[in-house]
Amino acid sequence: MRLPVLAATMAAALSTACGANGQNAVPAAGAPLETRPANGADQQPAFPGQTRAPGVRTQTAMAHSVVASGLEHPWGLALLPDGRWLVTERPGRLRIITAGGEVGEPVAGLPAVDARGQGGLLDVAVGPSFGADRLIYWSYAEPREGGNATSVARGRLSDDGTRVQNVQVIFRALPVYDGDKHFGSSLAFDGAGHLFITLGERSDAPMRPQAQDLGSHMGKLIRINADGSVPRDNPFAGRAGALPEIWSSGHRNVQGVAVAPDGAVWTMEHGTRGGDELNRPEAGKNYGWPIIAYGVEYRGAPINEGITARDGLEQPVYYWDPVIAPGGMTFYEGAMFPGWRGNLLVAGLKEKHIARLVLENGRVTGEERLMTDLGERVRDVAVAPDGAVWAVTDEQNGKLVRLAAR
């Protein structure tokens, strides 16, 4: 049985290692935050500011509290209108956790997941008309004949929150593949009610080229209506040989997506050794994988031809080399840290922090590392109505954490 973390434990969990705000020391004014050698040592950014943004520092003192623990590899979180959190656990459980740390029993009624490797129950989102229909949406690695693939389902959360009802699978990625990597998959609704779904290209060498194949969902950003139908203005709707759900192509393994206040869609994409990407995918455009990429293969060799640019292929807005292994992301529009408004908050798995990216005119002009003192892989991040930042950590003893002004 999973027990809530008591208030006294929460207070004891407040930590300010790494300085007064729990952050790394900021470099000299204008100096890049990242100082480690790049893996793609001979590669150059396509434009100034595309990588190694200047370090910035929040002046407001802050600290984190562990609200709940004992979660098994939590992956996604979403805020319900009543202030409780939906949290997924990769083995296939969905739980409701109160702001006070009370962890509910698993929500019943979800379909089976394939929890091998990177697969399992992935993201969760509250539907845009939840107040009327109580619909929630989730992505998962679905076991299928011959293997598995990413699927998205929706269902009505019962009035008492104990089960999902009338479950419908509204999207199934194709083709099926017997693998355990690069499923994606984050979810985000835009203001018009379209659902964006991020997908990986399944990692293995034989599958990589499918990121360039419009007849495959692999390595794509998907855009559908909330009921699973295809919007008529999708860029490939009606084109022979192309799957109509595709919004953009040429992606490696996108695990974060967020819609900006101006309606633009932004994504976070895993690189290999170097080359984690922040993109702003536009309809019908190709973001290059695996033809162009920053960084190198895990074994150290060049990625394909080792090139980082080619005509007709889009550049990332920003990239990290070395990588942070980004997870979920969100735009900050809260009141607790007014200086952050319009910034991106990005969960960092490998480097165990939340990256705050300052955006100006579509470019990254500053970067800060938050919650470095927690020392755990941050998988997803969200903002509560009071402006506090909430996150889940991808650990065997995963945690729900609140970061707030002190």
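Where in the chain is Asn304 placed? In this predicted model, Asn304 belongs to the loop between strand S15 (276-279) and S16. The phi angle of Asn304 is near 50°, a positive value in a residue other than glycine. Most residues other than glycine have a negative phi, and most peptide bonds are trans. A further departure from the rule for phi is found at Asn166, where phi is positive at about 55° although the residue is not a glycine. Asn166 is located in strand S8. With a relative accessibility of 64%, Asn166 is classed as exposed, because the cut-off for that class is over 50%.

Two peptide bonds of the cis form were identified. One of them runs from Leu174 to Pro175 and has an omega near 5°; Pro175 lies in the loop between strand S8 (164-172) and S9. The other joins Asp321 to Pro322, also with omega near 5°, and Pro322 is found in the loop between strand S16 (318-320) and S17.

The overall fold was examined next. The protein contains two helices and 23 strands. Its radius of gyration is 20 Å, close to the 22 Å that the globule rule gives for 406 residues, so the protein is as compact as a globular protein of that length. The C-alpha trace spans about 60 × 55 × 40 Å along the principal axes. Of the 406 residues, 58% are buried. The accessible surface amounts to about 15400 Å², and carbon and sulfur atoms account for 50% of this area. When contacts between residues at least 6 apart in sequence are considered, 60% of them join residues at least 24 apart.

Asp114 offers a local example of contacts between parts of the chain separated in sequence. This residue lies in the loop between strand S4 (93-97) and S5. Asp114 has a relative accessible area of 11% and is therefore buried, the limit being under 20%. Leaving aside residues up to four places away in sequence, Asp114 touches Gly119, Gly120, Ala141, Pro143 and Asn148. Asp114 and Asn148 are 34 residues apart in sequence, yet their C-alpha atoms are 7.2 Å apart in space.

Pockets and cavities were then considered. The largest pocket has a volume of about 710 Å³. Its lining comprises 27 residues, and those nearest the centre are Leu187, Ala188, Val257, Met329 and Thr330. Several strands each contribute at least two residues to this lining, namely S2 (74-79), S5 (121-126), S9 (187-189), S13 (254-259), S17 (326-331) and S21 (378-383). By class, the lining of the largest pocket consists of 19 nonpolar, four polar and four charged residues.

The second largest pocket has a volume of about 400 Å³. It is lined by 23 residues, with Gln118, His270, Tyr298, Ala325 and Arg377 nearest its centre. Here the lining is made up of five nonpolar, ten polar and eight charged residues.

Three cavities of 30 Å³ or more were counted. The largest cavity encloses about 70 Å³ of space. Its lining includes Arg252, Glu269, His270, Trp289, Tyr294 and Ile303. The lining of this cavity divides into five nonpolar, four polar and three charged residues. His270 thus appears in the lining of the largest cavity and also among the residues nearest the centre of the second largest pocket.

Key:
Residues are numbered from 1 along each chain as its sequence is written. This is a predicted model: local features need pLDDT of at least 70, side-chain atom pairs count only at pLDDT 80 or more; totals for chains, interfaces and linings use all residues. Side-chain values use heavy atoms; hydrogens and water are left out. On a 1 Å grid over the protein atoms alone, a cavity is a set of points where a 1.4 Å probe fits but cannot get out, and a pocket is an open set with protein on both sides within 12 Å along at least five of seven lines; lining residues have an atom within 4 Å of a point. Grid points are joined across faces, edges and corners, and a volume is the space filled by probe spheres set on the points. Helices (H or I, at least four residues) and strands (E, at least two) are DSSP runs, numbered from the N terminus. Ala, Val, Leu, Ile, Met, Phe, Trp, Tyr, Cys and Pro count as nonpolar, Asp, Glu, Lys and Arg as charged, and the others, Gly among them, as polar. The radius of gyration is taken over C-alpha atoms; the globule rule is 2.2 Å times the number of residues to the power 0.38. Buried means under 20% relative accessible area, exposed over 50%, partly exposed in between (1.4 Å probe, protein chains only). Contact means heavy atoms within 4.5 Å. Accessible areas come from the Shrake-Rupley method with a 1.4 Å probe; for residues, only the protein chains shown count as cover.
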